[in-house]
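The following report describes a two-chain model from its overall composition down to selected elements and residues. Please consult the sequence and coordinates shown below while reading.

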Amino acid sequence: MTPPTSNPLLWLIPILPLAGAAINGFFGRQSSKKAISAIALTFCGAAFLLALWIAIGFSSASAPYSFPLAHWLRSGSFSVDFDFYLDQLSLVMMLVVTGVGFLIHIYSVGYMWDDESYYRFMAYLNLFMFFMLTLVLAKNYLMMFIGWEGVGLASYLLIGFWFTKDSAASAGKKAFIVNRIGDFGFLIALFLLIQHFGTLDFPALFAKIQPISPETTGAGLLTAIGLLLMVGACGKSAQIPLYVWLPDAMEGPTPVSALIHAATMVTAGVYMVARSHMIFERAPSALTVVAIIGTLTALFTATIGIAQTDIKKVLAYSTVSQLGYMFMACGVGAFSAGIFHLMTHAFFKGLLFLAAGSVIHGVGGEQDMRKMGGLRLYMPWTFTVMGIATLAIAGIPPLAGFWSKDEILAQAFSVSWVYWLIGVVTAFITSFYMFRLMYMTFGGDYRGAGAQASHAAHKSHGHGKDDAHGHGEPHESPWVMLGPLVVLAILSVFGGFVGLGNRFEHFLDPVFKAAVEPGLQEPIREAGEKSTEYLLMAISVSVAALGWLLAHLLYSSRPQLPARIAEKLGGLYKAVANKYYVDELYAALFVRPLIDGSTTILWKGIDQGVIDAAVNDSADAARHISDEARHMQSGNLRSYAGWVAAGGALVIAYMVWMGIR
Amino acid sequence: MVPLSYYLVLSGILFVCGVLGFLIKRNIITIFMSIELMLNGVNLSFVAFAAQWHSLSGQIFVFFVMVVAAAEAAVGLAIIIAVYRTRETLNVDQVNLLKL
């Protein structure tokens, strides 16, 4: 690994949004909404421009860049610094985070304009950008951990943004607590790294790990570290078994769902696993676990997505499923494919969420797709961009999702056909539920409240949390919201072309390949396998088309059919619609016992029975004793004299006894 | 010559009589006399030891005690008279203004 080039601009990128967050957070209450927007957008946009500037000047020859800002911890030979680091991997992440983040900032201006806590929202968003960029640009695991925890905090604050609503507050709590479980694993992994390698600095650490041969027989230290890191990634990136918080996180405002719970934060786990590829490559069993978890999550949550009726819930399960794809890619050793999908996913899933937000905005806060329909007439722009995003996520060529998904499937096939098969099935389901969403939302006739009410009466009726103005019939969103949608749509269309001819993979090669021993991770596809690759491509495209066809059949041409099918399936359908009762299972297995145990044993048993009782009983004892002893102080002179005489007698008796002895 | 222990036993008996009288009696004059009894019980042991060890200090000390006792008697009796004038009783249990 070449020594890093110093680049003093690096630290400005995370600091700029922090400054924006500080200004808006401290002074936002008094300022006008225009000023708040200006500050939030300026600082976030400046970070984006700076990132672009660095990206333009980026050359693989001088990479990686780094900038040590300040010392942090010094303890014997162990040290951690505030140190920023930029290589090809973090460059991609940085551009995605600042780019998509900036677009979502613009969108939020329109979406959140009527909210009374507008300044708080903008400050939180900027704060999130700061932590996310710290995570991405960190040079050591500990700084990454700061960012990691920070984005968790920002996520908690933003999920519970409408904290007066009980469901939002508890969804925020749930996200935070479930993430703690993952962070626990991450922390233990860091402790193991410190104990055995004495450093958390990426280049130094990986240089020490590099000579270690893979733990093919049995599981050793690196396997343990890898698995623990994966526990952390499972928490942050919502994989089985810790995915349950992400669907609930949809209680937050829609731009938050787009930015944090689709495009950036939830991909931090993938980034972390990719960043730790040196460890995972030397721990094949850990890598297998990553692949299995990813594959299972992809399939499992995709099936849940079929039966959801809340537009954001469908997208949430879709996100979890797509994250599963990324982990599957990492698990089969195709880290660059995983990162590639991460990037394209950030485009189209961010777009999907923002478009869903536009829909919700347009119909006055309604999220139930059964009450939508026919919106293509009312909001043509949203319809167009959401259609593009749907095509992209379904994997229809030549849109972005096709390239990255195909890359993953091809890589998975070269490792095991099982991964590939599940991946293809998932692709089919993905395509189905996405087009189902499209047909239910935009197809048919409008079924919302405005449809029943007189169209002429433009009085405001009841509207949801998202919106503060009256609603007659659905309307298109303002341009400040549509602009980012269009930009993201363009990216969703063309974003996949960076992967043409494996250019994206070669760009990331210095990160993933340079350190690998020759022969360990050789390019798998050879000339003879080209035809196999085309065949796989054809299969995944036809599967996507099949999903579309099925959705068209069920939700457009025969809208009565789904209900009948659901009836036929009975219990199975109910299980899927209720998310396989996983939340209930967790509640029964972990939450209830914990609450009951805490209540009966810890609270009533130990706290009240032992600690409180000890204090109360000693107070009682003191009172009883002094109640008795109080009678000595009778005020009766002769009783005092009696005590004196008795005392004297006692002293004499003692002295006599001592004398006799 | 009478052995020392006889004097000491007598002294102890006198002292205990004084203590018991002090504790049991309610009449303030009797209590006062009990105190004198205790003092004299102690005086007896002083002189007994002084005679035994041929040391004058014990006897000198007895004089001091007598002087103090005389002074005390003077003051004490004055108080008793004052008490009787105000309370019209010599029963200590009824002189209880300071009690709660």
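## Structural report

Of the 661 residues in chain A, 49% are buried, a residue being buried if 20 or more other C-beta atoms lie within 10 Å of its own, exposed if 12 or fewer, and partly exposed in between, with C-beta atoms placed from the backbone. This is a predicted model, in which local features need pLDDT of at least 70 and side-chain atom pairs count only at pLDDT 80 or more, while totals for chains, interfaces and linings use all residues. Residues are numbered from 1 along each chain as its sequence is written, and chains are lettered from A and ligands numbered from 1 in the order in which they are written.

**Confidence.** The model scores ipTM 0.73 and pTM 0.79. The predictor's confidence in each residue is expressed as pLDDT, from 0 to 100. Chain A has a mean pLDDT of 87, with 93% of its residues reaching 70 or more. Over residues 453–470 of chain A the pLDDT is below 50, and this stretch has 26 contacts in the model beyond near neighbours in sequence; two residues are in contact if their C-beta atoms, placed from the backbone, lie within 7 Å. Residues 515–527 of chain A also have pLDDT under 50, with 12 contacts beyond four places in sequence. Among the elements of chain A, the lowest mean pLDDT (56) belongs to helix 20 (residues 449–452) and the highest (94) to helix 4 (residues 118–137). For chain B the average pLDDT is 90, and 98% of the residues score at least 70.

**The two chains.** Secondary structure is taken from DSSP runs numbered from the N terminus, with helices (H or I) of at least four residues and strands (E) of at least two. The table sets out overall values for each chain.

| Chain | Helices and strands | C-alpha extent along principal axes |
|---|---|---|
| Chain A | 27 helices, three strands | about 115 × 70 × 55 Å |
| Chain B | three helices, zero strands | roughly 50 × 25 × 20 Å |

Along its sequence, chain B follows the pattern α-α-α. Its radius of gyration is 17 Å, whereas a compact globule of 100 residues would have one near 13 Å; the radius is taken over C-alpha atoms, and the globule rule is 2.2 Å times the number of residues to the power 0.38. Buried residues make up 10% of the 100 residues in chain B. Of the contacts in chain B with a separation of 6 or more, 51% are between residues 24 or more positions apart. In chain A, 80% of the contacts between residues at least 6 apart in sequence join residues at least 24 apart.

**The contact between the chains.** Six residues from chain B and six residues from chain A form the contact. The side of chain B that touches chain A has five nonpolar, no polar and one charged residues, where Ala, Val, Leu, Ile, Met, Phe, Trp, Tyr, Cys and Pro count as nonpolar, Asp, Glu, Lys and Arg as charged, and the others, Gly among them, as polar.

**Helices of chain A.** Helix 2 (residues 33–57) of chain A has 25 residues, which should span 36 Å at 1.5 Å a residue, and its end C-alpha atoms are 36 Å apart, in agreement; the expected span is 1.5 Å times one less than the number of residues. Its buried residues include Ile36(A), Phe43(A) and Phe48(A). The buried residues of helix 2 of chain A pack against helix 1 (12–27), helix 3 and helix 4 of chain A.

Helix 21 (residues 479–494) of chain A has 16 residues and reaches 22 Å from its first C-alpha to its last, close to the expected 22 Å. Among its buried residues are Leu485(A), Ala489(A) and Ser492(A). The buried residues of helix 21 of chain A pack against helix 3 (88–111), helix 15 (335–362), helix 17 (380–394) and helix 18 (400–415) of chain A.

**Core and individual residues.** The largest nonpolar core has 208 residues, and Leu351(A) and Ala389(A) have the most contacts inside it; such a core is a set of buried Ala, Val, Leu, Ile, Met, Phe, Trp, Tyr and Cys residues joined through C-beta atoms within 7 Å. Not counting residues up to four places away in sequence, Ala389(A) touches residues including Leu351(A), Ala489(A) and Ser492(A).

His261(A) lies in helix 10 (residues 254–263) of chain A and is buried, because 28 other C-beta atoms lie within 10 Å. Trp72(A), in strand 2 (residues 65–75) of chain A, is partly exposed, with 14 other C-beta atoms within 10 Å.
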